[in-house]
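Good morning, and thank you for joining. I shall speak today about one structure and about how its parts meet. Please have the sequence and the model before you.

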Amino acid sequence: MRRVVLIAIPYLWLLALFLVPFAIVLKIALSDAAIARPPYIPQFDWASGIWAFLAQLDFENFVWLTEDDLYWKAYLSSLKIAAVSTAFTLLLGYPMAYGLARAPEEWRPTLIMLVILPFWTSFLIRVYAWMGILSNEGLLNQFLMTLGLIDSPFVILNTNTAVYIGIVYTYLPFMILPIYAALERLDGALIEAAEDLGCSRLQAFWLVTIPLSRAGIIAGCFLVFIPTLGEFVIPSLLGGSDTLMIGKVLWEEFFSNRDWPVASAVAVVLLLILIVPIVLFQRNQQKQQEAEQ
Amino acid sequence: MTVPVFEPWNDPEAKPLIQFQNVTKRFGVFTAIDDLSLDIYEREFFALLGPSGCGKTTMMRMLAGFETPTEGKIYLSSQDIAPVPPNKRLVNMMFQSYALFPHLSVWENIAFGLKRENRPKHDIAERVDEMLRLTRLEKFARRKPHQISGGQRQRVALARSLAKAPKLLLLDEPLGALDKKLRQDTQFELMDIQEKTGTTFVIVTHDQEEAMTVASRVAVMDNGKLVQVATPDRIYENPNSLYVADFIGDVNIIDGTASPSGQDQYSLAWKDGLAPLNVSSTQSFSEGQSCHLAIRPEKVTISAEEPTGADNAVPGRVLDIAYLGNISTYHVELPSGAVIKAQTANTRRIARRAFTWEDPVWLSWTATAGVLLAD
Ligand SMILES: Nc1ncnc2c1ncn2[C@@H]1O[C@H](COP(=O)(O)OP(=O)(O)O)[C@@H](O)[C@H]1O
Ligand SMILES: [Mg+2]
């Protein structure tokens, strides 16, 4: 009995917080837009029964997604932005995680604290702060112009560059922490053993350190890639009119066009796209756990 | 057939493979190795023995290249190795923790060092297979380190460090993680491999039995210094100090004052009212010098009646008996209150032994049984 309860809890959680909302969104995606409240039909009605209700649902909205090239372009562009930012985050995060893992033990809690510290401030405020830094009259341009390095300001805000900066900045801790966890567990004797067997420092890094932190790298990449794909706040605040991301399209469908069914269809497809990396991520975590036993 | 004796340390012509010359290693203000000089010869199986923290691992790490001496020099084949980085030394180390690469199979672990030498593929495969055969790991070649037992892992570590045919193999407490039976089997395996490959082995251990079993010579260390370097039997029979006598095996220590009583003969006054003990010693002591007689329990004979013609005989009472199956150790209390241990082989069934707790007994030993040691 106890076991049944223990197993049931996560499933109930999943049911309440994922499956039920998903079913609702899917139902809206299969409905038609209408000037009503809520703005779609059909509404479920006990009198006409379930079959009449289901008969009114169709895939029109999904077909629409393939007809207007805005949508697939937005999906592709999101994938590209997510992939590129993940790569940058990795390039920046790996050396930081490495430095953390190599720092003297008494320093590590403080350094990790510094990595996590930004989370204590509202995410929105931090993105607005970036607007203050990156705008044409912002801190960065003022600084560079005072130094005399440039004559006219760099245009960064409202370009894709600002979006990349925002994403890399926001998601960096998600990259650093899993890689740090992998590197911190790495036995220093393994590096010495590699050197003892004839490796140079660099070879030892490639042949031992990188493969042994692979699980951390993969986890970090997914933790950055998955939320970035549907990111909405950063591209709308830092990006320009040409920054195309599916999160932004979704928001516009919902709030500007009030077309809930199409917006829901966009959300369902986004989720289907995300399932692939999420499953891969779960596999990676599972493999890592098995390897540790 | 005469077996040639392997004693290069007694041959003034022999060139040592490794020379420590007045090596000192400090970590900050702490001196881990203190002005230590030592020669190790080719094909030796050399054991470093000492309590935890005495500097054994530090010695190995200096040979492997992970630490550099603060003062003094280390020569390998007469070449100063200070400027040679670890990956360029003809020295391989078997780590205390084995340090097997968890992401590589047994086969790839053994091949790891060979691949760094840019050897042709089939050469590498041949050498790895040879190592697998030597360590009897053929069946496990495809497994990952976490899929094999502790003893097999230890053999993989050995195979990996042997694969490059180093001039010198360093083994840092290689058998520490094994249970007793496996440990003994592996010790013999190690000796076998050392003989087959002709590699010079330096083994670190804090287990004196292990050092005695495998080594051609043993160095006993204390606080970064060498106390005695000698063959196992000399270390056991002729310890040069109380520290060594006490560290290696079980020993009775009797304190007293010596007075010469003939050629290499001394009488040791040890307790008021008891006859002095007769001791032979090639080391000389002056009249009235205070000293210690170290005598192994198995060299002390225990009997129910007073023995006749013994060099030394003292009466006592059995205080305690430690039964170890093949042997028993008797703790005998002398009238003075001192306790002496005597060991005998259990050649008769336990029910038939001549004395038990509280029985009066006699202990006896010959003049040459013990070693007289200065303070
Ligand atoms: N890197 C180091 N920094 C500071 N002290 C060290 C370092 N390595 C070893 N020591 C000290 O040197 C002494 C000898 O250590 P070690 O050679 O590992 O001893 P053993 O192997 O005989 O147990 C110990 O007291 C240890 O604390
Ligand atoms: Mg040690």
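I shall take the contact between the chains, then one helix, then the two domains of chain A, and lastly two single residues.

Please note at the outset that this is a predicted model.

Let me begin with the interface of chain A and chain B. On the side of chain A, 18 residues are in contact with 21 residues of chain B. The area buried between the two chains is about 1,700 Å². Carbon and sulfur atoms give 62% of that area. Which residues of chain A lose the most area to chain B? They are A:Glu192, A:Asp196 and A:Leu197, and together they account for 41% of what the side of chain A buries.

I turn to the polar side of this interface. The rule finds 1 salt bridge between chain A and chain B. In a salt bridge, the side chain of A:Glu192 meets that of B:Arg61, with 2.8 Å from N to O. A:Glu192 is therefore to be noted twice, given that a nitrogen-to-oxygen distance within 4 Å is what the salt-bridge rule requires and that A:Glu192 is also among the residues that lose the most area to chain B. In addition, 7 residue pairs are in polar contact across the interface, with both residues at pLDDT 80 or more.

Which elements of chain A supply this side of the contact? Two or more residues come from each of α9, residues 188-196, and α10, residues 201-212. Of these, α9(A) gives the most, with 7 residues. Sorted by class, the side of chain A that touches chain B holds 10 nonpolar, 4 polar and 4 charged residues.

That brings me to helix α9 of chain A itself. Is this helix enclosed or open? The helix α9(A) is largely enclosed by the rest of the structure, because 8 of its 9 residues are buried. The buried residues are A:Ala189, A:Leu190, A:Ile191, A:Glu192, A:Ala193, A:Ala194, A:Glu195 and A:Asp196. Within chain A, they pack against α4 (69-102) and α10. From chain B, their partners are α1 (56-64), β6 (91-94), α2 (106-115) and α4 (150-162).

Consider next the two ends of this helix. A:Asp187 caps the N-terminal end of α9(A), with a side-chain oxygen 3.0 Å from the backbone nitrogen of A:Ala189. After the helix comes A:Gly198, whose phi is positive, near 110 degrees.

One residue of the helix merits a closer look. A:Glu195 lies in α9 of chain A. Its relative accessible area is 10%, so A:Glu195 counts as buried. Leaving aside residues up to four places away in sequence, A:Glu195 touches A:Arg201, B:Phe66, B:Pro86 and B:Asn87. The C-alpha atoms of A:Glu195 and A:Phe205 are separated by 10.0 Å, and these residues are 10 apart along the chain.

I now move to the domains. Chain A is divided into domain 1, residues 1-50, and domain 2, residues 69-292. Their centres, taken over C-alpha atoms, are 32 Å apart. The contact takes 12 residues from domain 1 and 9 residues from domain 2. Between them, the two domains of chain A bury about 810 Å², and 83% of it is on carbon and sulfur atoms.

How many salt bridges does the rule find between these domains? It finds 0. The count of residue pairs in polar contact, both at pLDDT 80 or more, is likewise 0. On the domain 1 side, the elements that give two or more residues are α1 (2-29) and β1 (32-33) of chain A. The largest share, 6 residues, comes from α1(A). By class, this side divides into 10 nonpolar, 1 polar and 1 charged.

Finally, two single residues of chain A. A:Thr86 lies in helix α4 of chain A. A:Thr86 counts as buried, because its relative accessibility is 8%. Beyond four places in sequence, A:Thr86 touches A:Met175, A:Cys221, A:Val224 and A:Phe225.

A:Leu244 lies in the loop between α12 (233-238) and α13 (246-256) of chain A. With a relative accessible area of 27%, A:Leu244 is partly exposed. Among the residues that A:Leu244 touches are A:Leu70, A:Lys73, A:Ala74 and A:Val249. The C-alpha atoms of A:Leu244 and A:Glu67 are separated by 18 Å, with the two residues 177 apart along the chain.

Thank you for your attention.

Definitions and conventions:
Residues numbered from 1 in each chain as written. Chains lettered and ligands numbered in written order. Predicted model: local features only at pLDDT ≥ 70, side-chain atom pairs only at ≥ 80, totals over all residues. Heavy atoms only, no water. Contact = heavy atoms within 4.5 Å. Buried area = accessible area lost by both parts, 1.4 Å probe. Polar contact = N/O pair within 3.5 Å; in protein donor to acceptor, adjacent residues only side chain to side chain. Helix = DSSP H or I, 4+ residues; strand = E, 2+ residues; numbered from the N terminus. Nonpolar A, V, L, I, M, F, W, Y, C, P; charged D, E, K, R; others polar. Domains from an automatic or database assignment. Buried < 20%, exposed > 50% of the residue type's maximum accessible area, 1.4 Å probe, protein only.
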